[in-house]
Amino acid sequence: MCNTATRFTLSDQALERGHQQYQATMTESNRVIRDSLLTPFAMAMKLEGFEAVTHPSGCMLFRECPECRETYSTKYRKAGVIYWACPHCRDVAMDDREAIQREKRERVLAGEKVVMSNQELDGWSDAGMPLNVVSLPNPDRAGLKDVWVVYTKD
Ligand SMILES: [Zn+2]
């Protein structure tokens with residue numbers, strides 16, 4: 001499994017490991033609070049290095065899956081990046097905003113000039129990316145002050 005993919009399907013092998021852990025840790029007291037679909041999937045994700053991102057109350061965060069429209073696409077974090085993973089169709093996708101940021105970084109690293117917002121620049125700094133920030137007028141939106149072009153150091 002490629003750890004840097006922006007989207008992938010959780011493998012049969014990974015899901016099988018989740019099911020094995022689910023069976024191995026089953027007790028009479030936890031049987032009732034477990035779900036035979038959600039719990040093995042959550043265990044498989046954890047074994048793959050994904051930590052569930054929880055609400056301060058401890059609840060997991062869900063959304064509708066954009067692929068299959070089921071409701072339990074779950075928020076995870078791995079290596080500081082946010083992902084959504086669906087136990088129904090097993091689609092694991094980098095958060096849309098993260099995917100856009102990643103695509104922009106790849107374009108900059110490929111030598112393209114890319115317009116970034118101040119918020120995006122902060123994200124670059126946090127990620128430890130080499131920066132050479134130059135303020136230039138945006139050719140698409142002349143006159144705006146809040147647009148920047150970012151280059152790598154070299
Ligand atoms: Zn789905």
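I count two residues as in contact, or packed, when their C-beta atoms, placed from the backbone, lie within 7 Å. Worth keeping in mind throughout: this is a predicted model.

**Helix 2.** I started by asking which residues of helix 2 are buried. They turn out to be P40, F41, A42, M43, A44 and M45. Then I looked up their packing partners: helix 1 (12–24), strand 2 (51–52), strand 4 (73–78) and strand 5. Just past the end of helix 2, I noted G49 with a positive phi of about 95 degrees.

**T39.** This one sits in helix 2 too. Is T39 buried or partly exposed? I get 19 other C-beta atoms within 10 Å, and being buried takes 20 or more, so T39 goes down as partly exposed. Skipping neighbours within four places in sequence, I find T39 touching Y22 and R34. With Y22, the C-alpha atoms are 7.1 Å apart, although 17 residues separate the pair in sequence.

**The core.** Next I pulled up the largest nonpolar core, which has 17 residues; A44, M45, Y83 and A85 touch the most other members. Helix 2 (38–47), strand 5 (81–85) and strand 6 (91–94) each put in at least two residues. Helix 2 gives the largest share, five residues.

**Y83.** I checked the contacts of Y83, ignoring residues up to four places away in sequence, and got F50, Y76, K78, V92, A93, M94 and D95.

**Helix 3.** Last look: residues 96–109, 14 in total, spanning 20 Å from first C-alpha to last, close to the 20 Å expected at 1.5 Å a residue. Just after helix 3, I found G111 with a positive phi of about 100 degrees.

Technical notes:
Residues numbered from 1 in each chain as written. Predicted model: local features only at pLDDT ≥ 70, side-chain atom pairs only at ≥ 80, totals over all residues. Helix = DSSP H or I, 4+ residues; strand = E, 2+ residues; numbered from the N terminus. Expected span 1.5 Å × (residues − 1). Core = buried A, V, L, I, M, F, W, Y, C linked by C-beta atoms within 7 Å. Buried ≥ 20, exposed ≤ 12 C-beta atoms within 10 Å, placed from the backbone.
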